[in-house]
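Visitor: I would like to go through the salt bridges here. Can you take me through them one by one?

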Amino acid sequence: MQTAHSKDQKRKRNRRITCQVKTEAEAKCLRRKSHVVAKRKEVNWLEYYKSIATVCPWSYRSFIMGKIITIPYTDNTFMTFASAFRSCKDMHGVATDCFVYTCEGKGVRWLESMVDEMNEEYPDAEWLYSTPEDNSGNATPIPVLIQQHRAKLEYLRDKIGYEDQDCTGSEDE
């Protein structure tokens, strides 16, 4: 005779579906209930920021100085991080230049709607997104949302004559 507990265990086992995808770009995944857990793509952020230095001169230096914080996006913690951004400082009291939220599995429409929503919610920050779907040569290797200090970014752009460039700033340059 099966107990209620053993029936639940059996149902849970039956809901697990292991799938292996056939392309290199896709990761193996494990499906549990309606939640998909995918292997995260490893990103060499140092190499990425080096590669975009010609179009975004501040990003590489900002990254090596620890002023760009990379945070995996989760629904549970996103708004907490977004709210804390304006007061985030390192152990020496230096303000963070940028939060980069990695949003693996999110599409362009989702990223665009989040950018619009966050630019309204946090007018002192500038929100941008980047995704490999951009095919611009300067796009991030995975989808990301980018949160920066609006006034600082505008100051740096004006200082060197950039207009509407998607990059991170540091006043040290």
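Visitor: How many salt bridges does the structure hold?
Guide: The model is predicted. A pair counts when a side-chain nitrogen of Lys or Arg is within 4 Å of a carboxyl oxygen of Asp or Glu. The number of salt bridges in the structure is three.

Visitor: Which residue meets K50 in a salt bridge?
Guide: K50 sits in helix 2 (residues 45-51), and its partner is three residues apart in that helix. That spacing is about one helical turn. The N to O distance is 3.6 Å, and the partner is E47.

Visitor: Is E47 buried or partly exposed?
Guide: Buried means under 20% relative accessible area, and exposed means over 50%. E47 has 42%. Its partner K50 has 41% and is partly exposed. E47 is likewise partly exposed.

Visitor: How many residues apart in sequence are the parts that D97 and K152 tie together?
Guide: D97 and K152 form a salt bridge, with the closest N and O atoms 2.6 Å apart. D97 lies in the loop between helix 4 (78-84) and strand 5 (98-102), while K152 lies in helix 6 (residues 150-160). The separation in sequence is 55 residues.

Visitor: What is the relative accessibility of K152?
Guide: The cut-off for buried is under 20%. D97 is buried at 2%. K152 also counts as buried, and its relative accessibility is 18%.

Visitor: Where does E126, the partner of R150, lie?
Guide: The closest N and O atoms of R150 and E126 are 3.9 Å apart. The pair links distant parts of the chain, 24 residues apart. R150 is in helix 6, and E126 is in strand 6.

How values were computed
Residues numbered from 1 in each chain as written. Predicted model: local features only at pLDDT ≥ 70, side-chain atom pairs only at ≥ 80, totals over all residues. Heavy atoms only, no water. Helix = DSSP H or I, 4+ residues; strand = E, 2+ residues; numbered from the N terminus. Buried < 20%, exposed > 50% of the residue type's maximum accessible area, 1.4 Å probe, protein only.
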